[in-house]
Amino acid sequence: MSTMSARGPRHLASSPFAPKVEVPIVAYALDDRISHDTYGLGRVVSVEPHAVTVDFGSQKVRVTSPYARMELL
C-alpha cells in the first residue's frame, strides 16, 4: 500500500478532475501602456480595485479583472 503525498493525488493533464490553474492578476497603474486583443493599443486612465478604464483613442473602455485579453507593454 502506498501513501499519498501532502499535495494529494496527481492527475493527468487531460483529466477533468485536475485542479484549475490560477491566472496571476496583473496590477495596472495610471498611464500604463497596454495592448488589448479587441481594442488595440491604449493607456490606463483610471484604476479601481477590480477594474481599469483604458483610453484607446476613439473610445474609453472599462475592463474588469481578470485581464485575460490585455497585456502590459
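These legends go with a few close-up views of a predicted model.

**Figure 1. The whole chain, strands and nothing helical.** The protein chain has five strands and zero helices. Read from the N terminus, its elements go β-β-β-β-β. There are 73 residues here, and 23% of them count as buried. The chain exposes about 6,100 Å², with carbon and sulfur atoms supplying 55% of that area. Looking at contacts with a separation of 6 or more, 28% are between residues 24 or more positions apart.

**Figure 2. Two tyrosine rings, edge to face.** Searching the whole structure turns up two aromatic pairs, and tyrosine 28 with tyrosine 67 is one of them. How is a pair like this described? You take the distance of the ring centres and the angle of the planes. For tyrosine 28 and tyrosine 67, the centres sit 5.1 Å apart and the planes make 85°; since an angle over 60 degrees counts as edge-to-face, that is what this pair is. The two rings come from distant parts of the chain, 39 residues apart. Tyrosine 28 belongs to the segment before β1 (33-36), while tyrosine 67 is in the loop between β4 (60-64) and β5 (70-72). Are these two tyrosines buried or exposed? Tyrosine 28 is buried, at 8% relative accessible area. Tyrosine 67 has 12% relative accessibility, so it counts as buried too, the limit being under 20%.

**Figure 3. The salt bridge between strands β4 and β2.** The count for this model is one salt bridge. It joins the side chains of arginine 62 and glutamate 48, with 2.9 Å from N to O. Arginine 62 is in strand β4 and glutamate 48 is in strand β2 (residues 40-48), so the bridge ties together parts 14 residues apart in sequence. As background, side chains of opposite charge can pair when their charged atoms come close. How much of glutamate 48 is accessible? Its relative accessible area is 31%, which makes glutamate 48 partly exposed.

**Figure 4. Tyrosine 39 and its contacts.** Tyrosine 39 sits in the loop between β1 and β2. With a relative accessible area of 36%, tyrosine 39 is partly exposed. Which residues does tyrosine 39 touch, leaving out those up to four places away in sequence? They are Phe56, Gln59 and Val61. For a backbone distance to check in your viewer, try glycine 57: its C-alpha atom is separated from that of tyrosine 39 by 9.8 Å, and the two residues are 18 apart along the chain.

How values were computed:
Residues are numbered from 1 along each chain as its sequence is written. This is a predicted model: local features need pLDDT of at least 70, side-chain atom pairs count only at pLDDT 80 or more; totals for chains, interfaces and linings use all residues. Side-chain values use heavy atoms; hydrogens and water are left out. Rings of Phe, Tyr and Trp (its six-membered ring) pair if their centres lie within 6.5 Å; planes under 30 degrees apart count as stacked, over 60 as edge-to-face and the rest as tilted. Helices (H or I, at least four residues) and strands (E, at least two) are DSSP runs, numbered from the N terminus. Buried means under 20% relative accessible area, exposed over 50%, partly exposed in between (1.4 Å probe, protein chains only). Contact means heavy atoms within 4.5 Å. Accessible areas come from the Shrake-Rupley method with a 1.4 Å probe; for residues, only the protein chains shown count as cover. A salt bridge is a side-chain nitrogen of Lys or Arg within 4 Å of a carboxyl oxygen of Asp or Glu.
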